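Trainee: I should like to learn how to read the contacts and the burial of residues in a model. Might we work through an example together?

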Amino acid sequence: MAVAALGQVTSVVHPGMLHSAADFTRMTTKVNAGAQPWLDGWNKLVANGRSAATYVPRPVDTIVRGRAASGRGENYIQACQDAAAAYQNALRWKIKGDAACGANAVAIMNAWARKCKYIDGDSNKQLAAGLQGYQWANAAEIMRGYSGWSAADFTAFKNFMLNVYYPVSSDFLNRHNNTCGTHYWLNWDMSNLCTVLAIGILCDDVAKINYAINYYQHSGTGTAFIGRVTTATYPNGMDQAQEAGRDQGHATMEVPLFGTFCQMLYNQGQNFFDYNPWSHVNPPLLGVSEYIAAYNINTTNTVPFTTYNNCENSNHTVISSAGRGNIRPGWELVYNYYVKIKGKSAQYTTQFAEKVRPEGGGGDYGSTSGSYDQLGFGTLTFSR
């Protein structure tokens, strides 16, 4: 990889978001050999109706999340479902050469690029941008170079990303709606940072990639700055999740989003998985993963909690039990990097990955937007 020192990208690697060329070679080899757990992960993908070549997209001219001044009703779930479908169809094409799925992945993305011009709503529109922007970009990254995707249509899709998603995510990270720095929870900041990063990779824009790196590493004014992604660190290797006192539905979002950010940078030669400037027992992603997994794997585990108060005086004095036991995909990515690649001990991350395995994706964990907050299918894509 033609990359400079940690913290500065000088050129862009493709494919280089969640999955590298070597990753796809591994997936294809393992699935074709019927090896486990990859085969179970593949079967989970195929069983999801959104991965079918017959899936029909429902693009809209304006995505609405939250209350729009125009009075338009919410419809963002259609973008959630279709971004997941584009990614799932793309995986089926890339791993097994399913031509119909490849054509459908491109058809879904073309339909949205041609029709959708705007994201609307109250501040929740920034969640619509953050949570789906990086997902669309990952689907497109898989399909780049596909012979059935014309250069003009690929350019149109990149422009869709640049003109519809990027301005919303970028504005959020730069202004936070004129609120103080810790007003918004980590899932808001990290999802929008993932979208800016993914669009930078898709569009070969090193300035956007380096903005995301610098935001996390040095200058971020929000909660995705490394100095704010955790709220306490403990001698047992755990790091307190920023949303742990809020509820576990949101706390469990932190691992897949934080993991996505680190994985996309890793495939650009930037190892923030192991970046640990304060020499804590574990780097932040693993510390947070252990903390959240321990608390949610069963109701008998206890974890420490340090009072957290943000700039809006949203005071948390105890860990929240609301939504405890929430299941999301996302732990395979963390487990396989730290345990299988690095050889670290990660007791609770391992247990959580085992509990969810084989990971599904959008649509496998309910019908609401929470099922689409992450791409999933990590058993297939990240197992080593």
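Mentor: Let us begin with contacts: two residues are in contact when heavy atoms of theirs lie within 4.5 Å. Please keep in mind that this is a predicted model.

Trainee: Among contacts between residues at least 6 apart in sequence, what percentage joins residues at least 24 apart?

Mentor: In this chain, 76% of those contacts join residues at least 24 apart.

Trainee: Which elements make up the chain, and how is its compactness judged?

Mentor: The chain holds 14 helices and four strands. Its radius of gyration is 19 Å, close to the 21 Å given by the globule rule for 384 residues, so the chain is as compact as a globular protein of that length. Along the principal axes, the C-alpha atoms fill a box of roughly 55 × 55 × 45 Å.

Trainee: How much of the chain is buried, and what does its accessible surface consist of?

Mentor: Buried residues account for 60% of the 384 residues. The accessible surface comes to about 13400 Å², and 49% of that surface belongs to carbon and sulfur atoms.

Trainee: Is Thr62 buried or exposed?

Mentor: A residue counts as buried under 20% relative accessible area. Thr62 has 9% relative accessibility and therefore counts as buried. This residue lies in strand β1, which covers residues 62–64.

Trainee: Which residues is Thr62 in contact with, leaving aside its neighbours within four places in sequence?

Mentor: With those neighbours set aside, Thr62 is in contact with Arg72, Asn75, Tyr118 and Asp120.

Trainee: How many side chains are positive and how many negative?

Mentor: There are 29 positive and 26 negative side chains, and the centres of the two sets lie 4 Å apart.

Methods. Residues numbered from 1 in each chain as written. Predicted model: local features only at pLDDT ≥ 70, side-chain atom pairs only at ≥ 80, totals over all residues. Heavy atoms only, no water. Helix = DSSP H or I, 4+ residues; strand = E, 2+ residues; numbered from the N terminus. Rg over C-alpha atoms; globule rule 2.2 N^0.38 Å. Buried < 20%, exposed > 50% of the residue type's maximum accessible area, 1.4 Å probe, protein only. Areas by Shrake-Rupley, 256 points an atom, 1.4 Å probe, with all protein chains shown as cover. Lys, Arg positive; Asp, Glu negative; His and termini not counted. Charge placed at Lys NZ, Arg CZ, Asp CG, Glu CD.
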